[in-house]
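Q: I have a model open on my screen and would like to learn how to read it, feature by feature. Could you walk me through it?

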Amino acid sequence: MITNDAVVLGILLVILAFVFQTSDSPRPFWQRFYAYVPATLLCYFLPSLLNTTGLVDGTNANLYPVVSKFLLPASLVLFTLSVDFSAFRRLGRASVQLFAASALSVMLGGPLTVWVLAQLAPDLVGGTGPEAVWRGMATMAGTWIGGGANQTALKEVFLPSDRLFSAFVTVDIFVANIWLALLLYGASRSAVLDRWLRADASAVEDVKQRVIEQAEAGRRNPTVTDLITIVAVGFGATAVAHAVADWVAPYIDANYPALKQFSLNAPFFWIVGVATALGIGLSFTRARSLEGAGASKVATVFLYIMIATIGLKADVLAITEQPGLILVGVIWMLFHALIMVLVCRLLRAPYFFMAVGSMSCIGGPATAPIVAAAFHPALAPVGVLMAIMGYAVGTYMGYICGVLMQLASP
């Protein structure tokens, strides 16, 4: 068993390098392999094998506390730093409305799923303490509205057990990838679906042209100064978030004990909340120009280190103990899909906006560009832009979803 954290970190980075090198490989074998197996899944699954086989004691490793306290809030700052609300509005009213429908359907679908199953099969959504199913669902709400960073943030806020969290990571991967496959199939038949939706797809062409112009205008090669500034902004905002949490959380704990049930006395809630708010605030300043130098790419590196570190704590066999959790995820996704179809038809919006709006929440920046590019490669940045909006609201809406599921659970 490997116990040296420096050795473990080196192994994780080698695994990440292997995954990304092969996922970018032009060789036919790897292209076919990654057509079916998402790279993000491997970044989680391969480290989890180290823990499952006993090669590394992931539960007692010291990497996760460091990553969650420093890299996670920094990544939230850098992801939300690039939110361009004016550009998002210029994508058109339909894109904003379908993104909102996507996020709200996930936020409300979780409590509804818990309430329905509490009447029909309470054992599926029961449990107490760290094993309470709603705690694991809350982490999935974070990733289904925002992304991996939001999921990790809510894991620290609601504190599900590592085994329950591992089970819901499996549920997320299984259900979300089925939905991704259906959306991609729909993209190949978008003309038929647009006729059924009675939508005018010419808006998609306008969006494509605007996105091409915006992407070219902001791109530049990063200098050392740019990279140092990006890191300084990320960790500087993280320092402020920690300072606020160190004061607010103990104050609430001492003076407002009733708020403990909503996790408002948890320092990590304030760390991620303040970090996200600072990132959004900075997006209205000149700091947003750092995105052109690669702010979100630095954040993505932090994110994948987090994913690998979380995988190191996981047991890939955890879902076999609670296979019924797959049903929980399916019912939740069906509610989301129904709302998206109804809103899209009501607005007569093109299928493109429904598909990208949905995957910008469910899959985040990893898969939303894939869905957008299925319509046209130039549209991939639209998926990124909408997914970044998910990062901005994912922690807050996921937290509300978690509290509502706690109230609805048996």
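Q: Let's begin with A138: is A138 buried or exposed?

A: A residue counts as buried when its relative accessible area is under 20%. The relative accessible area of A138 is 0%, so A138 is buried. Please keep in mind that this is a predicted model. A138 is found in helix α7.

Q: Which residues does A138 touch, not counting residues up to four places away in sequence?

A: Here it helps to look past the sequence neighbours. With those set aside, A138 touches L154, F158, G402 and M405. There is also a nice pairing of distances: A138 and Q406 are 268 residues apart in sequence, yet their C-alpha atoms are 9.0 Å apart in space.

Q: And what share of contacts in the protein chain join residues at least 24 apart?

A: Take the contacts between residues at least 6 apart in sequence: 83% of them join residues at least 24 apart.

Q: How many helices and strands does the protein chain have?

A: The chain has 18 helices and zero strands. Of its 410 residues, 52% are buried.

Q: Which residues touch the most other members of the largest nonpolar core?

A: A nonpolar core is a set of buried nonpolar residues joined through side-chain atoms within 4.5 Å. The largest one here has 63 residues, and those touching the most other members are M137, W144, F168, L325, W332, I362 and M405. Two or more residues each come from α6, α7, α8, α9, α15, α16, α17 and α18. The largest share, 10 residues, is from α6.

Q: Could we zoom in on one member? Which residues does W332 touch?

A: Leaving out residues up to four places away in sequence, W332 touches S105, V106, G109, G110, T113, M137, M140, A141, W144, C401 and M405. Apart from this core lies another, with 54 residues, including A39, L63, L78 and V169.

Q: Now for a single helix. How far does α13 reach from its first C-alpha to its last?

A: You can compare a helix's span with what is expected at 1.5 Å a residue. Helix α13 covers residues 267–282, 16 in number, and reaches 22 Å, close to the expected 22 Å. Its buried residues are F268, F269, I271, V272, G273, V274, A275, T276, G279 and I280.

Q: Turning to the outside, how much area does the protein chain expose?

A: About 17800 Å² is exposed, and carbon and sulfur atoms supply 67% of that area.

Q: Which residues make the nonpolar surface patch of about 420 Å²?

A: That patch is made by L104, L108, I400, L404 and L407. Helices α6 and α18 each give two or more residues to the patch, and α18 gives the most, with three.

Q: Is L404 buried or partly exposed?

A: Partly exposed is the class between the 20% and 50% cut-offs. L404 has 31% relative accessibility, so L404 falls in that class. L404 is found in helix α18.

Q: How many salt bridges does the structure hold?

A: For a salt bridge, look for a Lys or Arg side-chain nitrogen within 4 Å of an Asp or Glu carboxyl oxygen. The structure holds one. K155 forms a salt bridge with D162, with the closest N and O atoms 3.4 Å apart.

Q: How do K155 and D162 differ in exposure: which one is buried, and which one is partly exposed?

A: K155 is at 6% relative accessibility and therefore counts as buried. D162, at 23%, counts as partly exposed. K155 lies in helix α8. Beyond its neighbours within four places in sequence, K155 is in contact with Y64, T139, P160, D162, F165 and K313.

Q: One last feature, the backbone. What is the phi of L159?

A: The general idea is that most residues other than glycine have a negative phi. L159 is not a glycine, and its phi is positive, near 55 degrees. L159 is found in the loop between α8 and α9.

Q: And where does R348 lie?

A: R348 lies in the loop between α15 and α16. R348 has a positive phi of about 55 degrees, although it is not a glycine. With a relative accessible area of 46%, R348 is partly exposed.

Key. Residues numbered from 1 in each chain as written. Predicted model: local features only at pLDDT ≥ 70, side-chain atom pairs only at ≥ 80, totals over all residues. Heavy atoms only, no water. Buried < 20%, exposed > 50% of the residue type's maximum accessible area, 1.4 Å probe, protein only. Helix = DSSP H or I, 4+ residues; strand = E, 2+ residues; numbered from the N terminus. Contact = heavy atoms within 4.5 Å. Expected span 1.5 Å × (residues − 1). Patch = residues over 30% accessible without salt bridge, like charges linked within 9 Å, V, L, I, M, F, W, Y side chains within 5 Å. Areas by Shrake-Rupley, 256 points an atom, 1.4 Å probe, with all protein chains shown as cover.
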